[in-house]
Amino acid sequence: ATPTAIMVGTERGAKVGILIKSAEALEGACDLDTVVLDKTGTITEGKPRVTDVRLAAGVDEVELARVAAALERKSEHPLAQAVCDYVDETHAGADKDVDSAGFEQVAGGGVRAQVDGAPAIAGNARLMASAGVDVSALAPQADELAAQAKTPLYFALGGRALGLLGVADVVKETSASAVARLRRMGVRTIMLTGDQAKTAKAVARQVGVDEVVAGVLPSQKEQKVRELQGQGHKVAMVGDGINDAPALARADVGIAIGAGTDVAISSADVVLMHSDPADVATAIELSHATMRDIR
Ligand code: ADP
Ligand code: MG
């Protein structure tokens, strides 16, 4: 495109809150045939709330709250924020004299620490299995929550499951129409998430994406983009998190959610200032208009 066309396109984008960082990004958006979207914070609001509590036999809710808070206070994950808000709102002070040490985030699984001197973990079924915690009594309840598009988080202390919290994250109002617009443009949509398959599929059904890839580790997001490119696809990645940054950088066009992390924003070619997934479709239309002007 001519410098003038690029300037006009960039300015039109800026006016509607679509920040295009380079001429290559504006031109490249024209050839996209695949859009990969992160779930949490991109398709959903990314402000999860605890909606359900399920206790293991003989455990009371305050005990679960105490261990949950001890584990999650130090995590920066949006799920951790939801757990801390729940404890503060319903069991304030449950963890006031808890002793917690050696906090660690486990990629794609959850968190771990020593709580009151015993090993404690919070996270998904995969993490529980790898720590040898038996969650079979709670698993049917976790499945039930997942079928409602909620994320079940297990908590265990000293190798014993205490219970689980169901966390719900509302799908953004425009996610479904954004996906429908992309489909009409002939663009395939794929949702990528570290969340478990059942929850991911329930969200995908609400939104109408063509494909879902669940249970991915942060490093696998970039790998998936590369794999699609290897098959000859032109790929945009849309994400908000630290764990999306490598995939954003790898994609033909990396698109960050404006409300996302600084790392995501600086790794991207395009920033959606209104954090609206519909602006992905608008950005591609803008690119088509820009290229049409000069072809
Ligand atoms: P995503 O943000 O796409 O869901 P992550 O890799 O950040 O991907 O998380 C993957 C999964 O690990 C989550 O769905 C959750 O089950 C678990 N997890 C991550 N962080 C925490 C945490 N602080 N507390 C409990 N579980 C967590
Ligand atoms: Mg995210």
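Start by selecting ligand 1: it lies between two domains, because domain 1 (3–45 + 171–294) and domain 2 (49–168) both give residues to the shell around it. These domain bounds come from an automatic or database domain assignment.

You are looking at a predicted model, in which local features need pLDDT of at least 70 and side-chain atom pairs count only at pLDDT 80 or more, while totals for chains, interfaces and linings use all residues. Residues are numbered from 1 along each chain as its sequence is written, and chains are lettered from A and ligands numbered from 1 in the order in which they are written.

Next, show the shell of ligand 1: 22 residues surround it, and the closest are Ser75, His77, Gly110, Asn124 and Gly194. To be counted, a residue needs its C-beta atom, placed from the backbone, within 6 Å of the ligand. Colour the elements that give two or more residues to this shell: α3 (39–43), α5 (78–90), β5 (110–115), β6 (118–123) and β7. Helices (H or I, at least four residues) and strands (E, at least two) are DSSP runs, numbered from the N terminus.

Now move to helix α7 (residues 139–147), where Ala142, Leu145 and Ala146 are buried (20 or more other C-beta atoms within 10 Å of the residue's own, against 12 or fewer for exposed and in between for partly exposed, with C-beta atoms placed from the backbone). On the other side of α7, select Pro140 and Ala147, which are exposed.

Last stop: Ala149 follows α7, and its phi is positive, near 70 degrees.
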